[in-house]
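Trainee: I should like to go through this structure and ask how each term applied to it is justified.

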Amino acid sequence: MSARPDAVVIGGGVIGLTTAIILQESGLTVQIWTGAPPESTTSAVAGATWFPYRAHPVDRVLAWSVRSKAYFDSMTDDPQTGVRIRESLQLWREELGTDPWWASAVPDLDRCAEEDLPDGYLGAYRFTQPVVTMPVHLPYLTRRFRDGGGTLVPRSVESLGEAAKAADVSVNCTGMAARDLSRDTGLIPVRGQWVRVTNPGITKVVADFGHPDGEAYIIPHEDSCILGGTADEGAWETTPSMDTAAAIIARCAELDPRLADARVLEHRAALRPVRPSGVRLELDDKHDSGGVLVHNYGHGGSGVTLSWGCAEEVKNLVLSRI
Ligand SMILES: Cc1cc2nc3c(=O)[nH]c(=O)nc-3n(C[C@H](O)[C@H](O)[C@H](O)COP(=O)(O)OP(=O)(O)OC[C@H]3O[C@@H](n4cnc5c(N)ncnc54)[C@H](O)[C@@H]3O)c2cc1C
């Protein structure tokens, strides 16, 4: 292992990687310690659209989302980032009321005219959003970190104190595992499952979160589409259920009938780290290592959406203390 770094980031998912990059790009030497490689994390299972969903509290989530969107917008010219902007249609089975709470983060938010609505829907929002292909984005983040001089260390910690002893700054980006590491029973799993199928020519994100049988969403990537989904609170099972997969495909085929015949490529399920009391992004003044410990976990269904904004806030907290 190299010389004592200024900072150790625990966790190599999207939150740990972006936090490590921002700290490094502010001039610190940084190591990431991670139990699992980036491609084996929950982050690798994210759909992934930029959209604030199942993360709290609203005001902080909105601010982090806006900051992150600026980063994603700036990446869309480089295909190696895995980020591109896509049109999106969010369908509602009830009439739309006042603008949604996230409207200020989406400057091109528009309402569909009644005559453009598919049968069965009473309203729809149209907007553009970044779509992030995680099997491309996570390697991009890893490269950016390594090219900047960072080291990714395969290492699982038993306690946060291990990292706190190894550097003046440590950051806890362990996602769902923070429940044990930080003894935080307020962090709960919300299981999500999806099916990846061949793309029959779909270019728009379409979502119906109010489908009576469960969520239905289609996220097109280059040559495949991710079809979702589920949101099972308190469920810990990460093996995909084939019955659930069949129901997901049926719901998505209601949104686009071409999907009924698409070839299935992959099934995945993972746990969104949801913290109803709010994402834990704060300095920990109670720990006794003498260094600076920051927590950055509990991003729920929005880890990608919030990643850069949260990483910036961690940097500001760290720089205020060293
Ligand atoms: C089906 C599904 C779809 C989703 N879609 C979206 C989406 O479209 N948009 C969006 O923004 N979000 C989405 N999410 C949410 C997103 O995936 C999560 O919010 C995000 O992955 C959390 O990132 P993280 O880095 O905190 O956690 P993780 O990706 O779980 O990473 C945690 C890291 O900590 C490491 N670690 C844990 N314990 C230890 C230890 N003791 N020692 C060392 N390392 C440790 C792990 O090995 C891992 O590297 C989705 C989630 C699911 C399940």
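**Aromatic pairs, ligand shell and backbone**

Mentor: Let us begin with the rings: in this predicted model, a search of the whole structure finds six aromatic pairs.

Trainee: Why is the aromatic pair of Phe51 and Phe127 called stacked?

Mentor: The ring centres of Phe51 and Phe127 are 6.2 Å apart, and a pair requires centres within 6.5 Å. The planes of Phe51 and Phe127 make an angle of 25°, and planes under 30 degrees apart count as stacked. Both conditions are therefore met, and the pair is stacked.

Trainee: What parts does the pair of Phe51 and Phe127 tie together?

Mentor: Phe51 belongs to the loop between S2 and helix H2 (58-75), whereas Phe127 is in strand S5 (residues 123-132), so the pair links parts that are 76 residues apart in sequence.

Trainee: In that loop, what makes the peptide bond from Gly47 to Ala48 cis?

Mentor: Its omega is near -5°. Ala48 is in the loop between S2 and H2, and Pro57 lies in that loop as well. The bond from His56 to Pro57 is also cis, with omega near -10°. Most peptide bonds are trans.

Trainee: What is the sign of phi in Arg54?

Mentor: Phi of Arg54 is near 50°, a positive value in a residue other than glycine. Most residues other than glycine have a negative phi. Arg54, too, is placed in the loop between S2 and H2.

Trainee: Turning to the ligand, how do you know that Ser43 makes a polar contact with it?

Mentor: An N or O atom in the Ser43 side chain is 2.5 Å from a ligand oxygen atom, and the cut-off is 3.5 Å; the pair therefore qualifies. By the backbone, an N or O atom of Gly47 is 3.2 Å from a ligand nitrogen atom, and one of Thr49 is 2.9 Å from a ligand nitrogen atom. Both of these distances are also within 3.5 Å, so they count as polar contacts. Of the 1,000 Å² that the ligand exposes when taken alone, the protein buries 93%.

Trainee: Which elements give two or more residues to the shell around the ligand?

Mentor: They are helix H1 (14-25), strands S2 (30-34), S8 (188-198) and S13 (264-274), and helix H7 (303-319). In total 37 residues surround the ligand, with Thr34, Ala36, Ser43, Gly300 and Thr305 the closest. The shell consists of 16 nonpolar, 19 polar and two charged residues.

Trainee: Finally, which residues are closest to the centre of the second largest pocket?

Mentor: The second largest pocket holds about 320 Å³ of space. Among its 17 lining residues, Leu160, Gly161, Leu181, Arg183 and His287 are closest to the centre. Helix H4 (160-166), helix H5 (178-181) and strand S15 (292-297) each give two or more residues to this lining, and H4 gives the most, with three. By class, the lining has four nonpolar, seven polar and six charged residues.

Conventions. Residues are numbered from 1 along each chain as its sequence is written. This is a predicted model: local features need pLDDT of at least 70, side-chain atom pairs count only at pLDDT 80 or more; totals for chains, interfaces and linings use all residues. Side-chain values use heavy atoms; hydrogens and water are left out. A residue is near a molecule or strand if one of its heavy atoms lies within 4 Å of it. A polar contact is a pair of N or O atoms within 3.5 Å; within protein, one must be able to donate a hydrogen and the other to accept it, and residues adjacent in sequence count only if both atoms are side-chain atoms. Accessible areas come from the Shrake-Rupley method with a 1.4 Å probe; for residues, only the protein chains shown count as cover. Helices (H or I, at least four residues) and strands (E, at least two) are DSSP runs, numbered from the N terminus. Ala, Val, Leu, Ile, Met, Phe, Trp, Tyr, Cys and Pro count as nonpolar, Asp, Glu, Lys and Arg as charged, and the others, Gly among them, as polar. On a 1 Å grid over the protein atoms alone, a cavity is a set of points where a 1.4 Å probe fits but cannot get out, and a pocket is an open set with protein on both sides within 12 Å along at least five of seven lines; lining residues have an atom within 4 Å of a point. Grid points are joined across faces, edges and corners, and a volume is the space filled by probe spheres set on the points. Rings of Phe, Tyr and Trp (its six-membered ring) pair if their centres lie within 6.5 Å; planes under 30 degrees apart count as stacked, over 60 as edge-to-face and the rest as tilted.
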